[in-house]
Amino acid sequence: MKNKSARAEVVGHVFLIPWLIGFFGLTVIPMITSLYFSFTHYDMLTPPRWAGLYNYTHMFRDPRFLKSLSVTFRFVLTSVPLQLAFALFVAMALKKNRRGVRFYRAVYYLPSLFGGSIAVAILWRRIFSGDGILNMILGFFGIEGMNWIASPPTALNTLIVLAIWQFGSSMVIFLASLKQIPADYYEAATIDGAGKIRQFFNITLPLLTPMVFFNIVMQIISAFQAFTPAFIVSGGTGGPLDSTLLYSLYIYIRGFGQFQMGYASAMAWMLLIIIATFTGVLFGTSKKWVFYD
Amino acid sequence: MKLKKISQILVVGLLIFGLLAGCGGQPSTSPAETQANEGAEAAAGNEPAAQADGDVVEIRFAWWGDTNRNEIYSAICDDFERENPDVRVIREPAPFPEYRDRITTQIAGGAAPDVMGVHASFASDYAERGVLADFAPWIANGTFETEYIPEDVLGAGRINGTLWMVAQGVTFDAMLINHSMIEELGIYDAIGVDYLNGEQFTWDSFAQTHRIFREATQAGHFSSLPPENLEAFRYWTRTVEQGSDIYSEDGALATSEETMVGWFSYYNDLLQAGLIPDAATMVESRGMPIEENLFANGKTAVMNVPANQYRLYAVQMPDADLRIINYPKSNDGFQINTIAASHLSVFANTTDEKKEAAFRFVNHFINRQSATNLLQLEQGVPINTISAQELEGILDENGRIILGFISETMLNRNAQGHALPPAGASEFQDAFRNTADRVAFGTQDPQAAVAQLISETDAIFARQ
Amino acid sequence: MKKRHISTILFHSLVVLFGCFMIYPLAWMLSASFSEQTQIFQNPGLIPNPFILLNYVIGWSGMSGITFGAFFLNSFTIVMFVMVGSVFSSILAAYAFARINFKMRAVWFTLMLGTMMLPMHVRLIPQYIVFNNLGWINTFLPLIVPAFLGVNGFFIFLFTQYMRGLPKELDQAADVDGCGPFRLFWYIIMPLSVPAIVTVCIFSFIWTWNDFFTQMLYLTDMRKFTVALALRMFIDSQGQSSWGALFAMSILSLAPLFFMFIAFQKYLVEGITAGSIKG
């Protein structure tokens, strides 16, 4: 038995070799360096000067930082659940191999192909601006619209819609794991007289939990770092009135825009702590609701 | 069965990438690419090849811009290489929004280009941190010729007495007017278009014109005055304060609280009266390309742009009769125009050999007629006065209009340089934009918004 | 029978209705790519008037004599390597994390997740310094090598979750048969992971294809430009943008992604049904 666990130790690391090389060769150095920068004043053009904890304490006196924090939390807590619910719903609808379903899947994946291209910014203006398509539709029903994309109360919502619209990757992951669920489970349930909804909650959802868990963790990690949508839609400003100032955008503005990479690095490490906390909590609770076979 | 299929896919995939890797290794064999100019060809070659012919100095030239500018700049590089066979110019174009980030990363990473385009928005951030090479010794030894460059223009690249960069061309911020629109509305006489470029065109009369336009059109907006636009605000400051600037030479804010309150109040009064587009429309237009904006789509009759962009609008609006005019004067008739430019600089920490070649290249770019003829008005009017005169003969209609306007402004409209924004200016710009937003969306009145701006600004410049 | 009919109609009409929202951007872009430059922003509809092909000709001609053919080749080269590299490195690491019980597992796994949590903008400069010291600037290596070394934790985590969903009895059965971890991985786990492999292929393909920023940073020579990078050069916020050419080439750029997705999704959803093994 002891022999076996020693062997597992070796075998485990053998499988990890490429990753370990990458970790120590390509990832650790930049991360440690940026940690060091976070304790300095660093304008990138001249050598960093030691600043102690200044950047970390300064953060909490910086109103734009606090604003970006609240914007980001709103963004993450709204876009992640909505996006995942939508992705799961669509994946369920497109799971069966009906006629045309392959084409539909591709169509629903389309928005994700656009990534953060400039075309998306133009499109979003066409849809959500004062004389955009959304207001045309609303006008049809006699509702007076507004400029959604550039008004402080609604600008962030258009970014949330954008995030939900690009739900393709979560959908694909759900599709792949839905197909893993053996058909005979459902057959048995049908014989027992369980309806579709009960089947979903008793069979599909529990068996899907590993991938639900994965999607939640990954979406939280990436939503906290969301940058491109705000960057292209607000023209890199985070405006109006900092209402779309996502955390990563603020890091970018401080770091590259204002030549304060030290401060930007400190904010980045603060974000790492925030994300790690969220992820840690998720992992902690996962034993209660994630079912591995 | 399935396994077989998968292994087939993998094998095919491996074959494809093996194939592609083979192709990728020999880029010069592709017929399409032999078309590429010789310089790029050479530049694409591997390092050893370059070292092999010993005497050739390689310099890297980075600029921002679109495909069109790439053609122009590449042609200038070719032109330079023809005259200087001992130098090879490696071309490194990048799109504008990411250009600064890449150069900064390259400098930090120890791989900066030798010659680079420098935009006014980060010029001092670079210059004051010792990134750029001083022109003085290279002017002294004759590598860079300044004989035909007006001192005012040269001064645009000077910070605290040192010449860090040289303008690629000169332009002025100006206003474009859609003449046909005004005529079609039948308010030509009411507005008196001719007066717009005359003595009486002041900030007050400009506001008045918005009212006339509004009465004639019921719902129209004469212009969409951008309150966050620092260039427009610079005109306001310099006319109202008669000569002072936004920043002082020693890197602080020079404009007064009163002037700023005046500016935001001027904007706010027009906004409250509904004479200019609402706050959201103003914010939205920030990220817009030219083709999407209100002016190009015939929604407003006036647009604030650098004069050399006249061509873009003339192309985009072929049916409209467009005119360029100078900014308004102060209400007591004081006029000033600020020389605007994008610059070229040489990287400070490169070998003397490369530096020499780099300055030779910059000199060629600025002072050689052949280069000027290629560049034309891409960056405004070329700064070598002799070349600029020669250029007139080969310009098209739009080009002559731009050249005429810039020359007239330069000579007769009190053209002056300005202090480059100090380090920390980009942070100030963000604060200024947020101030504009607070006024526009009505969360603060101009007085309170400016008070907040000033306290923020003091902190920004104190830190530098 | 009739009820089924109605539900089919309902299904299709709902899917199509929602699909319109999904497909609108593509339709608009397609229309723009066949429109005249000045019409693109002024024509509110989706039908180009007049209908022209010129944008494709201009777009394909690329810049400085380098056509889009070269940019496509560059993009394909990078993407192929990244795809293979991502699958290779991630599936190995994931097998260790999901199926092998060793002491350091939790530590490495936590660190792996941690590497995903630091925003990229503060890593850029140190990373650039590393690659510059290796002499890899202006080559494809900074874009490709990280994939082979599992730098994208997303894929590792994806495989890990997927493999943890595979039945544990497999290991015991393999043990009984005297089949070691390597053979178990190669003959059982890997074939069973086809849907996950396909997912990783799809994502790494699309993300790398669209990853403009890294490519912009490391590829400075025009001849090494990728499609995403070349597309960006059509636009100048302060100058003459070639929108027609941009949209025409964007359409061509989307085509490989779209067809790759259609081709691969077959394997994605028809992966070996685990049920036959489970049952």
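**Reading a three-chain model, step by step**

Student: How many helices and strands are there in chain A?

Tutor: Chain A has 13 helices and two strands. Keep in mind that this is a predicted model. Chain A has 293 residues, and 49% of them are buried.

Student: What does "buried" stand for here?

Tutor: You count neighbours: a residue is buried if 20 or more other C-beta atoms lie within 10 Å of its own. By that count, buried residues make up 55% of the 279 residues in chain C.

Student: Okay, and roughly what box do the C-alpha atoms of chain A fill?

Tutor: Taken along the principal axes, that box is roughly 75 × 70 × 30 Å. For chain C, the C-alpha trace spans about 70 × 70 × 30 Å along its principal axes.

Student: How do I read contacts along the sequence? What share of the chain A contacts between residues at least 6 apart join residues at least 24 apart?

Tutor: In chain A that share is 68%. Do the same for chain C, and residues 24 or more positions apart account for 74% of the contacts with a separation of 6 or more.

Student: Which domains is chain A divided into?

Tutor: There are domain 1 (1-37) and domain 2 (53-289) in chain A. Their centres, taken over C-alpha atoms, are separated by 31 Å.

Student: And which domains does the assignment give for chain C?

Tutor: For chain C, look for domain 1 (1-52) and domain 2 (58-278). Here 30 Å separate the two centres, again over C-alpha atoms. Where these two domains touch, domain 1 of chain C supplies eight residues and domain 2 of chain C supplies six residues. On the domain 1 side of that contact in chain C, you'll find four nonpolar, three polar and one charged.

Student: How many helices and strands does chain C have?

Tutor: Chain C has 14 helices and zero strands. Try helix 10 (residues 194-210) of chain C: its 17 residues reach 24 Å from first C-alpha to last, close to the 24 Å expected at 1.5 Å a residue.

Student: Why is helix 10 of chain C said to be largely enclosed by the rest of the structure?

Tutor: Because 16 of its 17 residues are buried.

Student: Now for chain B. In what order do the five strands of its open sheet come?

Tutor: Walking across the sheet of chain B, you meet them as 2-1-3-12-6, with mixed pairing. Strand 2 (87-94) and strand 6 (166-167) of chain B are the edges, each pairing on one side only. For one pair up close, take strand 3 (residues 115-118) and strand 12 (residues 343-346) of chain B: they run antiparallel and are joined by four bridges. In this pair, B:Gly117 stands opposite B:Leu344 of strand 12.

Student: Which strands of that sheet does helix 18 of chain B touch?

Tutor: Helix 18 (residues 352-367) of chain B packs on the sheet and touches strand 1 (57-64), strand 2, strand 3, strand 6 and strand 12 of chain B. The direction of helix 18 makes about 50° with that of strand 1 of chain B.

Student: Last one: how many residues of chain B are in contact with chain A?

Tutor: 25 residues of chain B are in contact with 26 residues of chain A. On the chain B side, helix 6 (96-108), helix 7 (120-127), helix 16 (279-284) and helix 22 (425-440) each supply at least two residues. Helix 22 of chain B gives the most, with seven residues. Sort that side of chain B by type and you get eight nonpolar, six polar and 11 charged.

Methods
Residues numbered from 1 in each chain as written. Chains lettered and ligands numbered in written order. Predicted model: local features only at pLDDT ≥ 70, side-chain atom pairs only at ≥ 80, totals over all residues. Contact = placed C-beta atoms within 7 Å. Nonpolar A, V, L, I, M, F, W, Y, C, P; charged D, E, K, R; others polar. Domains from an automatic or database assignment. Pairing = 2+ DSSP bridges. Axes fitted to C-alpha atoms, helices over the stretch in contact; angles between N-to-C directions. Buried ≥ 20, exposed ≤ 12 C-beta atoms within 10 Å, placed from the backbone. Expected span 1.5 Å × (residues − 1).
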